[in-house]
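Please find below my notes on the structure, set out as numbered points. I have kept each point to one part of the chain where I could.

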Amino acid sequence: MRKFYLEADNGLRYDFQNPKKCILESPTGLGFSKTNTYEKVGETFLKNSSDSNQKNITGILHFTGDYYKNFQEFANFIKTYADYKLIYEINNTEYFIDVDIQELTKSDSQRANMLSCNISFLTKTLFYKKIKNNYFLSTPEDCSKWNVKFDFFMIDDIPAIIDVKNEGHTDSSFDFELIGPLVNPTLKFIKDNKVINSIEFKVNLGSEEKLLYSNRDNNLYVIKINSNGIEEKALDCLDLKNDNFMKIPKGMTKLSFTAENTSVSKLTLNVYEEYEIV
């Protein structure tokens, strides 16, 4: 069974399958389309480029019950917050897609004790799943040791390395939060037993200080938060010789976090598996 919700940037959700308030009917535009360019060579056309097109998801909202009151409640909801996500739930799995509400039509006519309005969403991302994992990290003698608390796979004989399986349609963006004390943490990407990239942070985190990092296209940041909760931008702590915003490739990739000190730290890692169509 599929379900739809609209989620505001504070996590508040509006339910699109509530028969006492509002039902979303006939959603369209959930697939994908591409714009391709080709070069003709003899009688063959060789593809030069392929770019995804922005989705326009449309549907009909039927407001029921006290339909004018319920319509006004929804109108207030979409005019109150800055950012929204459309949630598409299939077989108990939630897929998110960031959207702008392009249009909500309203005519002052109703049928069968309901008010029907067309709605249109312009998408700003692909569909994605957010996979959250928490770890506790100790770094004796420049080597990390992980105790896995949630989803990711663990390689027992190489304690510094975690296997991340990206089953999405593109490389996956991610963000993380490290909690000190930590000295100069480094993230390595390992594929086919080779280090393909490193991200080095020249930063000293005191006890309970945090390092926040994100490589999401619409939200790139490196932030240090001191023990008093004061934030400061920390992009200058990155080593410029590296690809500092590399994403996790499709398939299996090993991630390794190391640091120079021997203290204990906590890591929260969010991976965003992205899909052109779900």
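1. Cys-117 is buried in this predicted model, with a relative accessible area of 1%. Cys-117 takes part in no disulfide, and the nearest cysteine sulfur, which belongs to Cys-22, is 8.5 Å away. Because a disulfide requires two cysteine sulfur atoms within 2.5 Å, that distance leaves Cys-117 unpaired. For the protein as modelled, the count of disulfides comes to 0. Cys-237 also counts as buried, at 7% relative accessibility.

2. On the overall make-up, the protein chain has 1 helix and 24 strands. Of its 278 residues, 44% count as buried, and the chain exposes about 15,000 Å², of which carbon and sulfur atoms supply 47%. Among the contacts with a separation of 6 or more, 67% are accounted for by residues 24 or more positions apart in the chain.

3. The helix, α1, covers residues 67-80, and its 14 residues reach 20 Å from the first C-alpha to the last, which is close to the 20 Å expected at 1.5 Å a residue. Which residues of α1 are buried? They are Tyr-67, Asn-70, Phe-71, Phe-74, Ala-75, Phe-77 and Ile-78. Seen down the axis of α1, these buried residues fall within an arc of 160 degrees, and therefore they line one face of the helix. The face turned away from that buried side carries the exposed residues Lys-69, Asn-76, Lys-79 and Thr-80.

4. The surroundings of the helix can be described from the same buried residues, which pack against β1 (2-8), β2 (13-15), β7 (56-63), β8 (84-90), β9 (93-104) and β10 (115-123). A reader inspecting the model may wish to display α1 together with these strands, since the packing of its buried residues involves each of them.

5. Thr-125 sits in the loop between β10 and β11 (127-138), and yet it is buried, with a relative accessible area of 17%. It counts as buried because the cut-off is under 20% relative accessible area. A polar atom of the Thr-125 side chain lies 3.0 Å from the backbone nitrogen of Asp-98. Leaving aside neighbours within four places in sequence, Thr-125 is in contact with Ile-97, Asp-98 and Asn-218, and Asp-98 therefore appears both in this contact list and in the polar pair, where the limit for such a pair is 3.5 Å.

6. The loop between β8 and β9 holds both Asn-91 and Asn-92, and the backbone there deserves a careful look. Most residues other than glycine have a negative phi. Phi of Asn-91, however, is near 50 degrees, a positive value, and phi of Asn-92 is near 70 degrees, likewise positive. Are these two residues buried or exposed? Asn-91 is exposed, with a relative accessible area of 59%, and Asn-92 counts as exposed as well, at 71% relative accessibility.

7. The start of the chain comes back to this loop. Met-1 lies in the segment before β1 and is exposed, with a relative accessible area of 74%. Not counting residues up to four places away in sequence, Met-1 touches Glu-89, Ile-90 and Asn-91. Although Met-1 and Asn-92 are 91 residues apart along the chain, their C-alpha atoms are separated by 8.2 Å.

8. A further backbone feature is found at Gly-180 and Pro-181, which are joined by a cis peptide bond with omega of about 15 degrees. Most peptide bonds are trans. Pro-181 has its place in the loop between β15 (173-179) and β16 (182-183).

9. Finally, Leu-46 is found in strand β6, which spans residues 44-52. How exposed is this leucine, and what is its relative accessible area? Leu-46 is partly exposed, with a value of 43%. Apart from residues up to four places away in sequence, Leu-46 touches Thr-37, Tyr-38, Glu-39 and Val-41.

Key:
Residues numbered from 1 in each chain as written. Predicted model: local features only at pLDDT ≥ 70, side-chain atom pairs only at ≥ 80, totals over all residues. Heavy atoms only, no water. Helix = DSSP H or I, 4+ residues; strand = E, 2+ residues; numbered from the N terminus. Buried < 20%, exposed > 50% of the residue type's maximum accessible area, 1.4 Å probe, protein only. Contact = heavy atoms within 4.5 Å. Areas by Shrake-Rupley, 256 points an atom, 1.4 Å probe, with all protein chains shown as cover. Expected span 1.5 Å × (residues − 1). Arc of directions from axis to C-beta. Polar contact = N/O pair within 3.5 Å; in protein donor to acceptor, adjacent residues only side chain to side chain.
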